[in-house]
Amino acid sequence: MTITTDELKQFLITDGARADLHLHSNASDGKLSPAEVVAAARERGVVLLALTDHDTCDGIKEAVQACTEHNVHMTTGIEISTIWRGREIHIVGLCFDPNHPAMTSLLEKQKKLRDDRARAIGEKLEKCGFKDAYQKTREMAGNTATITRGNYTAYLYSVGAAETMNQCFAKYLAEGRKAYVRAQWCSVEDAVNAVNLAGGIAVLAHPRSYDLNNKWLRMLITDFKNAGGEAMEVSGSLQSPADRDFLQVLSVEYELFASCGSDFHRECKYISIGGGGRLPDRVNPVWNHKKFKLEV
Ligand code: AMP
Ligand code: MN
Ligand code: MN
Ligand code: MN
């Protein structure tokens with residue numbers, strides 16, 4: 001079956017059709033392979049997805065193949081870690097060319113920063129008594145995966161460092177804890193520029209997760225927009241109706257397209273694929289953007 005983008009858009013506003021434009025695989029810190037993510041998404045009734053691994057496009061090819069087999073639609077995706085005014089902010093890119101030199105050169109730098117930081121975290125964990133922490137985390141993640149604190153959380157949980165994954169993160173990896181290493185990511189402008197140069201749409205990821213008050217969140221959105229950002233996530237997992245409503249208001253006020261995604265990493269009680277919720281009525285969905293295009 002082939003479907004035009006217009007037909008897909010129509011389908012997405014009818015009941016039951018879900019889009020999930022924020023998903024992780026084992027190309028970064030997700031548990032499932034890209035093909036497994038696609039199969040699980042299809043099972044959940046997702047008709048449009050983007051794999052948005054941290055600072056890597058390595059999973060996209062396998063996901064495209066699986067989407068073709070499973071009859072699911074897909075755009076290219078990524079989640080880029082940035083630093084904005086001393087805070088870690090995530091920028092999702094959609095519908096860009098993963099082979100564009102602006103993107104590949106940015107990701108090469110981020111990859112090096114990630115591996116250096118992963119090794120530094122490993123050294124700190126050694127001092128906490130976790131022998132060969134980097135090597136073991138690398139083995140669990142695979143040779144080419146970008147390693148995040150999510151991978152370290154999975155490793156710490158596997159060796160029984162604490163009772164839950166959340167506790168492992170909170171005990172060792174959260175800001176100020178023993179194995180915390182401050183990251184040196186690119187700027188918001190760098191990330192947005194790379195996405196735009198590669199022909200894509202830059203999306204401010206999970207805007208409510210940065211612990212910013214109203215004034216600071218508006219400053220972030222203003223800076224993001226001035227840098228060329230064009231969309232923001234409005235619907236996501238673990239969100240109160242009030243939060244979603246507030247994000248709806250901001251996306252309308254700042255004239256940013258709206259995206260939705262679960263931020264799925266692994267099966268857990270609170271987050272499931274396709275469970276990011278549907279977009280509220282008043283927003284302009286990102287699939288209406290003129291740059292929006294399907295890979296499959
Ligand atoms: P990093 O980009 O290396 O700073 O790592 C951030 C990643 O850590 C996120 O993408 C999540 O996958 C994971 N993470 C963040 N907070 C938690 C938490 N409380 N419990 C488990 N994993 C977390
Ligand atoms: Mn993650
Ligand atoms: Mn994120
Ligand atoms: Mn994410």
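This tour moves through a predicted model, from its manganese sites to a sheet and the helices that pack on it.

**First stop: manganese ion (ligand 4)**

Select the manganese ion (ligand 4) together with H22, H24, E79 and D263, its protein donors. The histidines contribute NE2, while E79 offers OE and D263 offers OD, with distances of 2.1 to 2.2 Å from the ion. Along the chain these donors follow the spacing H-x1-H-x54-E-x183-D. Colouring by secondary structure places H22 in strand β1 (residues 18-23) and E79 in strand β4 (residues 77-84), a pair 57 residues apart that links distant parts of the chain. Is H22 buried or exposed? H22 counts as buried because its relative accessibility is 1%, below the 20% limit. E79, at 0% relative accessibility, is likewise counted as buried.

**Second stop: manganese ion (ligand 2)**

Next, draw a distance from the manganese ion (ligand 4) to the manganese ion (ligand 2); the two are 4.9 Å apart. Around the manganese ion (ligand 2), select D29, H54 and H265. Its protein donor atoms are OD of D29 and NE2 of both H54 and H265, at 2.1 to 2.2 Å from the ion. The sequence spacing of these donor residues is D-x24-H-x210-H. H54 sits in the loop between β2 (46-51) and α3 (60-70), and H265 in the segment after β9 (257-260), so this pair ties together parts that are 211 residues apart in sequence. With a relative accessible area of 7%, H54 is buried, whereas H265 counts as partly exposed at 22% relative accessibility. From the manganese ion (ligand 2), a further distance leads to the manganese ion (ligand 3), 6.0 Å away.

**Third stop: the three-stranded sheet**

Return to β1, the strand that holds H22, and add β2 and β3 to the selection. Together they form an open sheet in the order β1-β2-β3, with parallel pairing. Which strands stand at the edges? β1 and β3 (73-75) do; each has a single partner strand, so one side of each is left without a neighbour in the sheet. From one strand to the next, the twist averages 20°. Zoom in on β2 and β3, which run parallel and are joined by three bridges. Here L49 has M74 in β3 as its bridge partner.

**Last stop: helices on the sheet**

Show helix α1 (residues 5-12), which packs on the sheet and touches β1, β2 and β3. The direction of α1 makes about 110° with that of β2. Finally, select helix α2 (residues 34-43), which lies across β1 and β2 and runs at about 155° to β2.

Methods
Residues are numbered from 1 along each chain as its sequence is written. Chains are lettered from A and ligands numbered from 1 in the order in which they are written. This is a predicted model: local features need pLDDT of at least 70, side-chain atom pairs count only at pLDDT 80 or more; totals for chains, interfaces and linings use all residues. Side-chain values use heavy atoms; hydrogens and water are left out. Donors are N, O and S atoms within 2.8 Å of the metal (3.2 Å for Na, K and Ca); water is not among the atoms, so sites may look incomplete. Helices (H or I, at least four residues) and strands (E, at least two) are DSSP runs, numbered from the N terminus. Buried means under 20% relative accessible area, exposed over 50%, partly exposed in between (1.4 Å probe, protein chains only). Two strands pair if DSSP finds at least two bridges between them. Axes are lines fitted to C-alpha atoms, for helices over the stretch in contact, and angles run from 0 to 180 degrees between N-to-C directions. Contact means heavy atoms within 4.5 Å.
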